[in-house]
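Biologist: Hi, do you have a minute to walk me through this one? I'd like to see the model first and then ask about it.

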Amino acid sequence: MDDVSHSRRDPGEGHARGMPETPALAIEGLTVRYGQTLAVDALDLRIDRGETVALLGSNGAGKSSVVNAALGLFRPAAGTVRLLGREPAAALQAGGVGAMLQHGGLPSEARVGEVLALVRRRYADPWPLADLAATAGIAGLLDRGVDALSGGQRQRVLLALALAGAPPLLLLDEPTSAMDVKGRQAFWTTMRGLADRGHTVVFATHHLDEADAVADRVVVVAGGRVLADGTAAKIKSRIAGRTVRFRCPGPRDGLAAMPGVTGIGGEGDLVELNTTDAEATLRALLASRTGLPDLEVRGASLEQAFLHLTSDLTTANGALR
Ligand SMILES: Nc1ncnc2c1ncn2[C@@H]1O[C@H](COP(=O)(O)OP(=O)(O)OP(=O)(O)O)[C@@H](O)[C@H]1O
């Protein structure tokens, strides 16, 4: 997939120089309920123009509810949403927002090129077709019937539709869930290209590697609230620990009691010790063993930080409260 080479609209247009910019997305006190279920709990979130933000959370954390409410798809129980300073409907009407929903549909029995042409016609200044198709990685699919698309191809077509008006703000709900590794990497390249050109990209994901690789800000959502908000590095630093990895074909006795060790994991003969004091753990390991094959010491991963942050909200059966 090509890098993004086109942006018709200045993503920051309409703002006097030197004036504080209206945020791309401003959510205040958002509360979403489905019957007895409190899906979003008085959530505040401000996203400035040009930011690439991952909404990271487990199943049921409330990510889709935030995205859907931000798009004005239903009236929330409480709170306000502004997209580019406007009510959601007005911002969408003005072509300022491109969206990709988790269960986005395509008209059946149409060809990809026809659907794209139809959506591009809505905009006064749409993204040029050939470049749009190349950017979304669907140049070879324009003659294909939408019913014959694979899950990942379908997501790319939905991405092309979201980009059709070259909108300054993109709200994408799990945009890569059906893509293979190559598709996801191409998608990340596209998102980075958009961000470099000043577009604001907000995407919900479960993929920690995706959040780490693409987003300059990660918002961890759990139980309908913002649990952490910052760069991936900042969130990782919330757990001071490191991981000591090595191969250990024998029994693991005594490892959990070593100095600094806060957790033990790893599969097969690979052992992963989470430690708050890597030096003390290593000293104890070296004193107790003759060899530590494939020894590695690593900083905390976003996954560890995520699990750590959400563990307080986890009930005995593993579900997030
Ligand atoms: N239409 C609905 N009716 C009833 N409950 C709902 C509905 N949509 C979502 N919920 C509930 O609201 C909570 C938040 O769901 P939401 O889909 O926003 O989470 P999510 O973080 O997007 O999850 P996932 O990663 O699984 O898509 C969950 O408990 C879910 O079961």
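Modeller: Sure! One term before we start: a residue is buried if 20 or more other C-beta atoms lie within 10 Å of its own. Also keep in mind that this is a predicted model.

Biologist: Got it. How many of the residues in helix H5 are buried, then?

Modeller: Eleven of the 13 residues in H5 are buried, and the helix is mostly covered. The buried ones include Gln-153, Arg-154, Val-157, Leu-158 and Leu-161.

Biologist: What covers the buried residues of H5?

Modeller: The cover includes two strands, E5 (97–100) and E6 (169–173), and two helices, H3 (112–120) and H4 (129–136).

Biologist: And how far apart are the end C-alpha atoms of H5?

Modeller: They are 19 Å apart, which agrees with the 18 Å that 13 residues should span at 1.5 Å a residue.

Biologist: You mentioned E5. Are its faces covered or open?

Modeller: Both are covered: Val-97 and Ala-99 are buried on one side, and Gly-98 and Met-100 are buried on the other. E5 pairs with E6 in the parallel sense, over four bridges. In that pairing, Met-100 stands opposite Leu-172 of E6.

Biologist: Nice. Switching to the ligand: which residues surround it?

Modeller: Among them are Tyr-34, Thr-37, Ala-39, the run of Asn-59, Gly-60, Ala-61, Gly-62, Lys-63, Ser-64 and Ser-65, and also His-206.

Biologist: Which element gives the most to that shell?

Modeller: Helix H1 does, with three residues. Both H1 (63–70) and strand E2 (37–47) supply at least two residues each.

Biologist: What's the mix of residue classes around the ligand?

Modeller: Eight polar, three nonpolar and one charged.

Biologist: E2 must sit in a sheet. What is the strand order there?

Modeller: The order is E2-E1-E4, an open sheet of three strands with antiparallel pairing. E2 and E4 (78–83) are the edge strands, each pairing on one side only. From one strand to the next, the twist averages 20 degrees.

Biologist: How many bridges do E1 and E4 share?

Modeller: Five, with E1 covering residues 25–34. In one of the pairs, Ala-26 has Arg-82 of E4 as its bridge partner.

Biologist: Where does H1 pack?

Modeller: H1 packs on this sheet, touching E1, E2 and E4, and its direction makes about 115 degrees with that of E1.

Biologist: Now the four-stranded sheet. What's its order?

Modeller: E11-E12-E10-E13, open, with antiparallel pairing. Strands E11 (261–265) and E13 (296–299) each have a single partner strand, so one side of each is left without a neighbour in the sheet. The twist here averages 25 degrees from one strand to the next.

Biologist: How do E11 and E12 pair?

Modeller: In the antiparallel sense, over four bridges, with E12 covering residues 270–275. Ile-264 has Leu-273 in E12 as its bridge partner. Helix H9 (residues 278–288) packs on this sheet and touches E10 (242–247), E11, E12 and E13. The direction of H9 makes about 20 degrees with that of E10.

Biologist: Last one: why does His-308 count as partly exposed?

Modeller: Because His-308 has 19 C-beta neighbours inside 10 Å, while buried needs 20 or more. His-308 is found in helix H10 (residues 302–311). Its C-alpha is 9.8 Å from that of Lys-236, although the two are 72 residues apart in sequence.

Biologist: And for the whole chain, what share of residues is buried?

Modeller: 38% of the 321 residues.

Methods
Residues are numbered from 1 along each chain as its sequence is written. This is a predicted model: local features need pLDDT of at least 70, side-chain atom pairs count only at pLDDT 80 or more; totals for chains, interfaces and linings use all residues. Two strands pair if DSSP finds at least two bridges between them. Axes are lines fitted to C-alpha atoms, for helices over the stretch in contact, and angles run from 0 to 180 degrees between N-to-C directions. Two residues are in contact if their C-beta atoms, placed from the backbone, lie within 7 Å. A residue is near a molecule or strand if its C-beta atom, placed from the backbone, lies within 6 Å of it. Ala, Val, Leu, Ile, Met, Phe, Trp, Tyr, Cys and Pro count as nonpolar, Asp, Glu, Lys and Arg as charged, and the others, Gly among them, as polar. The expected span of a helix is 1.5 Å times one less than its number of residues. A residue is buried if 20 or more other C-beta atoms lie within 10 Å of its own, exposed if 12 or fewer, and partly exposed in between; C-beta atoms are placed from the backbone.
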